[in-house]
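Good morning, and thank you for the opportunity to speak. I would ask you to keep the structure in view while I go through it step by step.

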Amino acid sequence: PGPANSWGGTLATSTGLVFFGEEGGAFMAADAVTGQPLWQFQTNQAWRASPMTYTFDGREYIAVAAGGTVIAFGLP
């Protein structure tokens, strides 16, 4: 909900997750089938890019630019 003042998009994974920046500043993951929110991390920043995924040393990460900061999260 809201005016959609965001430069970010979404990232869907093959494991059924959708990552996106919520307008209140939270970075969120939701179930791709049900839309049920599964996780969130509050950044209190505006979204400047869409989330991306990468692998380093055999571990998968999700990264996103929030405000002037790039945040990365390691997936289990």
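**A tour of the strands, the core and three loop residues**

Let us begin at a turn. In the hairpin formed by β6 and β7, 2 residues lie between the strands, and Gly67 takes a positive phi near 65°. Please bear in mind throughout that this is a predicted model.

The two strands of this hairpin are β6, residues 59-66, and β7, residues 69-74; they run antiparallel and are joined by 6 bridges. As a point of orientation, Val64 stands opposite Ile71 in β7.

I turn now to the open sheet. It has 4 strands in the order β1-β2-β3-β4, and the pairing is antiparallel. At its edges are β1, residues 10-12, and β4, residues 37-42, each of which pairs on one side only. From one strand to the next, the twist averages 15°.

Within this sheet, which residues make up β2 and β3, and how many bridges join them? Strand β2 covers residues 17-21 and strand β3 covers residues 26-31; 5 bridges join the two, which run antiparallel. Here Phe20 stands opposite Met28 in β3.

Strand β2 also contains Leu17. Is Leu17 buried, partly exposed or exposed? Its relative accessibility is 23%, so Leu17 counts as partly exposed, because the buried class requires a value under 20%. Not counting residues up to four places away in sequence, Leu17 touches Leu11, Ala12, Ala30, Ala32 and Leu38. Trp47 is 30 residues apart from Leu17 along the chain, and the C-alpha atoms of the two are separated by 19 Å.

Next, the interior. In soluble globular proteins, nonpolar side chains tend to be buried together. In this model, the largest nonpolar core has 11 residues: Leu11, Phe19, Phe27, Ala29, Trp47, Ile62, Val64, Ala66, Ile71, Phe73 and Leu75. Two or more residues of this core are given by each of β3, β6 and β7. The largest share, 3 residues, comes from β6. Val64 and Ile71, the opposite pair from the hairpin, are both among the members of this core.

Let us now consider the loop between β4 and β5, where Thr43 lies. Is Thr43 buried or exposed? With a relative accessible area of 13%, Thr43 is buried, because that value falls under the 20% cut-off. The side chain of Thr43 reaches the backbone oxygen of Gly25 at 2.5 Å. Leaving aside its neighbours within four places in sequence, Thr43 is in contact with Gly25, Ala26, Ala66 and Ile71. Ala66 and Ile71 belong to the core that I have just listed.

Asn44 lies in the loop between β4 and β5 as well, and β5 spans residues 52-56. Asn44 is exposed, with a relative accessible area of 59%. What is the phi of Asn44? It is near 55°, a positive value in a residue other than glycine. This deserves a remark, because most residues other than glycine have a negative phi.

Asp57 also has a positive phi, of about 50°, although it is not a glycine. Asp57 is found in the loop between β5 and β6. Its relative accessible area is 71%, so Asp57 is exposed.

To close, I return to the two loop residues with positive phi: Asn44 is exposed, and Asp57 is exposed. Thr43, by contrast, is buried. Thank you for your attention.

Methods: Residues are numbered from 1 along each chain as its sequence is written. This is a predicted model: local features need pLDDT of at least 70, side-chain atom pairs count only at pLDDT 80 or more; totals for chains, interfaces and linings use all residues. Side-chain values use heavy atoms; hydrogens and water are left out. Two strands pair if DSSP finds at least two bridges between them. Axes are lines fitted to C-alpha atoms, for helices over the stretch in contact, and angles run from 0 to 180 degrees between N-to-C directions. Buried means under 20% relative accessible area, exposed over 50%, partly exposed in between (1.4 Å probe, protein chains only). A nonpolar core is a set of buried Ala, Val, Leu, Ile, Met, Phe, Trp, Tyr and Cys residues joined through side-chain atoms within 4.5 Å. A polar contact is a pair of N or O atoms within 3.5 Å; within protein, one must be able to donate a hydrogen and the other to accept it, and residues adjacent in sequence count only if both atoms are side-chain atoms. Contact means heavy atoms within 4.5 Å.
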